[in-house]
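Take a look at the structure below. The text then leads through it, one chain after the other.

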Amino acid sequence: MSAATWQRRRAGLRESAGEFASYRSGLVGAVLLVLVVLLALAAPPLVPRESLAVTQVTADRNEVPSLAHLLGTDSSGRDVLGMLLWGARASLLVGFAATAMSMVIGTVVGMAAGHFTGLTQGALMRVIDFFLVVPSLVLAIVLSTVLASGLWTIVIAIGVTSWASTARVVRAQTLTIESRAYIERSRALGAGDAHILGRHVLPAVMPLVLANTTLAVGAAIIAESTLAFLGLGDPTTYSWGSMLKRALDTGAATAGFWWQVLPPGIAIVLVVLCFTLVGRALESVLNPVLRSHR
Amino acid sequence: MSPSPALRRPSTARPRLVAAALAALLVVLTALVATGVQRPARAAESDSDAVLRIAYSSTVDTFNPFVSIYLTPTGVNRFVYENLVAYGTENEATEGLAESWDTSEDALTWTFTLGDDREWSDGEPVVADDVVFTYTSIMENPETLGANHGLTTNIESVTAVDEKTVEMTLIEPQAANPGFEIPIVPAHVWEDVDDPAAFPADSEVVGSGPFVIESYDETSGTLELVANETYWRGAPEIAGVRYVKYDNVDASVQGLRSGEVDIVGGLTPAQYDTLEADGSGEIATNAGTGRRYLALAINPGATTAGGEAFGDSNPALADPDLRTAILMAVDKEELVDRILGGYGTPGETEVPASYPDFTGFAEGVEPLEFDLDGANALLDEAGYERGPDGTRLDLEGNPLELRLMGDTENADHVQLAEFVGEWLGEIGIAVTPELIGGDAVGERSIAGNYDMYFTSWSLGPDPDFQLSINTCDARPETPGGADNLSESNWCSPEFDALYAEQRTELDPEARSELVRESFSAIYEARVNYPIWYADALEAYRSDRFEGFTLQPEGSGPILGQNGYWGVYGASEVEPGSGGSGAGDGVPGWLLPVGVGAVVLVVGGVLLGRRRSAGDDRE
């Protein structure tokens with residue numbers, strides 16, 4: 001690839017970044033997200049896993065927040081703040097992994113459905129329609145019941161069920177790209193399907209996919225918490241959803257142990273909100289339809 | 001940034017889409033709230049006639065006494081159908097339909113004399129034919145009417161000597177009274193039923209107990225029972241009992257606080273402590289000694305009755321030393337303290353402390369003590385060397401990795417899995433928790449597909465049944481067959497001999513000792529290790545009802561008894577005072593539901609916006 005192309009892309013990136021920075025809400029979301037990710041990464045040194053071992057803890061069960069335990073302790077005497085940090089790892093991991101999976105499937109299927117015609121397109125579109133119509137939470141519940149319980153099952157359950165809307169968006173973008181003259185030109189020069197899809201369509205849909213991804217992570221985190229809350233995850237791993245489930249199962253609602261319920265709940269809301277803010281800003285910057293000032 | 005004309009459509013469409021998404025969410029939310037906090041419709045102001053409302057959240061299969069095996073309906077049927085011989089308030093044998101019974105010299109013939117005052121709720125007298133009909137129906141149709149078939153396997157025949165005398169001939173002598181635990185049905189009603197196995201028996205039921213079923217609404221789960229005016233011990237003081245279904249105990253606790261129900265069982269320690277500290281003076285609590293044990297079962301390698309191995313247990317577990325070491329790493333006191341909050345008793349044998357005649361070890365049995373060093377030493381000695389990562393290797397040289405199965409819906413199991421997993425880690429055994437649905441746990445334990453799992457069982461006053469499911473005969477005919485009744489997939493000829501001996505021992509004291517020896521044999525086989533006998537934690541509206549009879553008296557539970565005493569003894573505190581209970585403070589369930597709602601709304605806005613950005617683009 002020529003230096004000119006790179007230069008052009010770098011310039012484009014810089015322009016987009018500058019534009020993104022002009023969306024204050026998006027910026028706030030991005031800063032908070034970086035903070036959460038850093039905290040999640042720093043969880044092992046900050047709160048050693050041994051300190052959350054139920055057989056090692058010395059604190060009482062259900063202690064109210066104090067200086068020693070800023071967010072109190074849970075029904076086994078573990079520090080809720082520590083679990084919150086560890087839970088961020090699971091929630092973010094599932095959020096990112098499931099989204100990556102859903103994006104890959106969605107992009108590939110969407111591009112194929114836009115590029116090919118006839119029977120292939122018809123078949124792909126019906127598959128997409130199927131996944132659009134089936135309530136994804138129900139499908140995810142069925143999947144995670146059938147598969148062995150665990151974090152990766154949840155990743156698969158979310159990833160497999162949430163790609164359809166991405167595929168529709170990508171397909172639409174593929175259609176508009178492919179109607180452009182330069183595609184026709186390269187076709188006339190003898191370019192095959194692989195070349196057109198890989199060299200021309202993919203780079204053109206990528207920005208859209210990126211914006212979509214940021215939005216999808218939030219949805220995946222909610223889905224993870226929902227599934228864990230419904231008891232479909234592995235309840236012995238720390239995640240925000242399983243913290244909520246544990247609190248309810250042990251009667252925290254009746255007993256009024258708010259410090260076991262509010263922190264994971266608020267954490268979910270906050271992180272999802274951040275992803276939404278970032279995603280919305282990115283979408284406005286990158287989506288040609290929403291880009292109103294050009 | 002004024003939008004160009006081409007962009008108007010999406011921008012005007014957006015609010016509508018968001019609104020649609022939010023509306024859809026609202027539906028979802030309402031459904032969620034409705035399922036989480038199901039508030040049953042209250043029957044039109046019937047409070048004044050003192051109906052005791054019992055909250056429940058467990059499954060109902062059927063109220064047909066020949067078929068039902070679930071806890072709630074079999075418990076209800078204890079109110080509806082008197083047994084030939086009942087369990088008294090101290091779990092002793094006492095008058096039921098029979099006012100007296102006699103055993104022949106060889107203990108093979110039991111003669112029961114029915115009381116003259118025993119009547120069905122429709123006014124017909126209870127006669128010997130009713131008993132004969134009930135027993136022979138079960139014995140002749142073990143497949144279809146066999147919920148209680150296990151209790152009749154030693155009965156040769158049941159005959160009516162005269163209208164009020166029943167004679168039972170046994171195959172071999174038996175210590176347990178054959179009149180226990182079988183609900184007697186009215187022959188004059190059931191004879192006319194075409195397909196007794198499919199008969200729902202849930203409306204206008206004719207019974208002989210203190211209450212009879214009036215109606216059952218399957219959709220809402222509400223069950224109405226009315227007092228049986230012809231009940232031979234005297235009609236109950238209250239007018240009836242209503243079972244009100246809640247989807248979880250938290251919701252039923254709120255129901256109790258707001259006066260929607262009068263009694264709630266199955267509380268968690270946190271709920272119990274909160275209700276106990278309740279200063280309103282409207283709610284009283286009861287921590288009754290439970291009749292249920294919770295144990296850690298270890299699969300020693302399941303076999304069929306023919307001795308064929310099946311299941312996927314880790315073959316290393318066939319070694320008793322390994323099983324002993326595992327159990328030495330379980331600190332029962334700590335678990336009772338930290339999970340049950342002290343509301344329980346550390347387990348010994350399978351018989352809970354509430355049955356003094358049979359609980360405890362036989363003489364000379366050494367209970368296992370929690371001892372991590374000892375467990376490590378035992379494993380070292382047995383040749384389980386530590387691998388490079390600290391995990392021990394089995395005798396074949398493979399890492400010792402064991403699965404620990406439990407019910408994901410059971411908070412006790414989830415917490416136990418964490419404790420046991422960490423302790424076993426300290427003795428070099430890697431544990432993979434497998435918390436799955438309750439039905440799946442049942443299926444896999446029957447199929448022998450487990451290494452270790454948490455199991456619990458409620459025991460009746462007579463231990464014969466519990467022992468019978470540990471005999472070699474309880475094993476299935478075919479590998480993993482549904483006829484696998486074996487509690488621990490374990491078989492020992494010595495145990496079978498003890499079992500047979502206690503079964504025919506008619507001297508109560510000698511039998512007690514034999515029963516203890518039998519249960520101690522299970523304990524020493526290290527296949528089923530009772531961790532605790534949890535207390536039954538209950539709370540009730542003391543401003544409305546009093547006089548519940550506990551079983552055992554003074555220490556037992558109100559609900560879930562071996563009989564009807566708790567509810568039968570209830571009386572109203574102040575007739576007609578019910579009224580609308582004052583809700584105190586913010587209902588606790590609002591908190592999690594609120595957080596959930598916020599999460600969903602944020603998610604919904606997000607989804608709605610995604611749609612809005614994406615949909616109109618093609």
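What follows is a short walk through chain A, then chain B.

This is a predicted model. Begin with chain A. It holds 13 helices and 0 strands. Read from the N terminus, every element in the order α-α-α-α-α-α-α-α-α-α-α-α-α is helical. The C-alpha trace of chain A spans about 75 × 45 × 30 Å along its principal axes.

How much of chain A is buried? Of its 294 residues, 48% are buried. Contacts in chain A often link distant parts of the sequence. Taking contacts with a separation of 6 or more, 71% are between residues 24 or more positions apart.

One helix of chain A deserves a stop. Helix H4 of chain A covers residues 80-115, 36 residues in total. From first C-alpha to last, H4(A) reaches 51 Å. That is close to the 52 Å expected at 1.5 Å a residue. Is H4(A) mostly covered or mostly uncovered? It is mostly covered, with 26 of its 36 residues buried.

Now turn to chain B. Here helices and strands occur together: 16 helices and 23 strands. Chain B has 618 residues, and buried residues make up 48% of them. Its contacts also reach along the sequence. Among those between residues at least 6 apart, 68% join residues at least 24 apart.

Chain B is divided into two domains. Domain 1 is assembled from three segments, 5-60, 202-291 and 541-572. Domain 2 is residues 292-534. Where the domains of chain B touch, 11 residues of domain 1 are in contact with 14 residues of domain 2. Which element gives the most to the domain 1 side? It is helix H6 of chain B, residues 269-276, with 3 residues. The character of that side of domain 1 of chain B is mixed: 4 residues are nonpolar, 5 are polar and 2 are charged.

The last stop is a pair of strands in chain B. Strand E6 of chain B runs over residues 155-162, and strand E7 of chain B over residues 165-170. In what sense do E6(B) and E7(B) pair? They pair in the antiparallel sense, over 6 bridges. Together E6(B) and E7(B) form a hairpin, with 2 residues between them. To find the register, look for B:Ala160, which stands opposite B:Val166 in E7(B).

Notes. Residues numbered from 1 in each chain as written. Chains lettered and ligands numbered in written order. Predicted model: local features only at pLDDT ≥ 70, side-chain atom pairs only at ≥ 80, totals over all residues. Helix = DSSP H or I, 4+ residues; strand = E, 2+ residues; numbered from the N terminus. Buried ≥ 20, exposed ≤ 12 C-beta atoms within 10 Å, placed from the backbone. Contact = placed C-beta atoms within 7 Å. Domains from an automatic or database assignment. Nonpolar A, V, L, I, M, F, W, Y, C, P; charged D, E, K, R; others polar. Pairing = 2+ DSSP bridges. Expected span 1.5 Å × (residues − 1).
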